[in-house]
Amino acid sequence: MSPFTVTARFPLGEFNAHGAGDAPEWPPAPARLAAAILAAAHREGVGVATAERFFSLQPPEISTPRMGFRDTVISRWVPVNNALTFSASGKATGIVDARDRFGQKAQKPPERGVMVASGPEDVVRWVYEDEEGCVALDELGLLARNVEYLGRPTSPVILDVVAGRDQAPGTTRWVPDELGSVEVRVATPELLGALDAREEQRRRSRVTGTHPVLDVRPVARYR
């Protein structure tokens, strides 16, 4: 068994992400971490097998620093009048404003999240047990450093990977427990399959900004 720890610092002092019922998410879900690392692997063209390994690991222990919930009722409006152009062979060639949708906008829900201090000890940690010792930590560290954010782009993140169980005193610990009262989204093989299927659906779409709903959202109980 080879434990390792993924650490996260939020340099702007905030983590913006929606949890269940559009409430601010806390702690940052292991499922969100795994999906971000998988996206980095496909974007960089390396380490896909290492990233996919995350989805077969048991839910990690989590430790979090002090935080405060941030909630705003201000909605956001984004343009939705873009469309792709295609060549005669069907290959996408560019993005244009669709005349029949000129000026159209969509209302996005309010952005919710938490405020986190940005000091050296204000770190979120996910501690994994790699029972088969199959995760290449050097490659995983490279992927982690290519992740720019976990929730909204408004809250950038700095990820790192440390061998062993890197736990700090004075933090809140979240431990997997079937009798626990807190549900946290976790990575599973079923989630990996759903992410792959959603990406394929997005790739086939001819509408820019397509974001298919992800119906598979596995959770584990924590205390």
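This report walks through a five-stranded sheet, two helices that lie against it and one exposed glycine, all in a predicted model.

## The sheet

Let's start with the sheet. Five strands make it up, in the order S11-S1-S10-S3-S12, and it is an open sheet with antiparallel pairing. S11 and S12 sit at the edges with a single partner strand each, so one side of each has no neighbour in the sheet. On average, neighbouring strands are turned by 20 degrees against each other, if you ignore direction.

As a general reminder, strands of a sheet pair through backbone hydrogen bonds, and they can do that either parallel or antiparallel.

## Strand S3 and its two partners

Now zoom in on S3, which covers residues 61-64. On one side, three bridges join S3 to S10 (residues 124-130), and the two run antiparallel. Which residue of S10 is the bridge partner of Ile 62? That would be Trp 126.

S3 also pairs with S12, again in the antiparallel sense and over three bridges. Here Thr 64 has Thr 172 of S12 as its bridge partner.

What about the directions in which the S3 residues point? Glu 61 and Ser 63 go one way, while Ile 62 and Thr 64 go the other way. That fits a general pattern: in a regular strand, side chains alternate between the two faces of the sheet. Are these four residues of S3 buried or exposed? All of them are buried.

## Helices against the sheet

Helix H1 (30-44) packs on the sheet and touches S1, S3, S10 and S11. The direction of H1 makes about 80 degrees with that of S10.

Helix H3 lies across S1 and S11, and it runs at about 165 degrees to S11. H3 spans residues 137-144, and its buried residues are Leu 140, Gly 141, Leu 143 and Ala 144. Look down the axis of H3 and you'll find these buried residues within an arc of 160 degrees, so they line one face of the helix. And what covers them? The cover includes strand S1 (2-9), helices H1 and H2 (48-53), and S11.

## A glycine out in a loop

Last stop: Gly 170, in the loop between S11 (158-163) and S12 (172-174). Those are the two edge strands of the sheet. Is Gly 170 buried or exposed? The relative accessibility of Gly 170 is 80%, and the cut-off for exposed is over 50%, so Gly 170 counts as exposed.

Gly 170 and Glu 121 are 49 residues apart in sequence, and their C-alpha atoms are 9.7 Å apart in space.

Definitions and conventions:
Residues numbered from 1 in each chain as written. Predicted model: local features only at pLDDT ≥ 70, side-chain atom pairs only at ≥ 80, totals over all residues. Heavy atoms only, no water. Buried < 20%, exposed > 50% of the residue type's maximum accessible area, 1.4 Å probe, protein only. Arc of directions from axis to C-beta. Contact = heavy atoms within 4.5 Å. Pairing = 2+ DSSP bridges. Axes fitted to C-alpha atoms, helices over the stretch in contact; angles between N-to-C directions.
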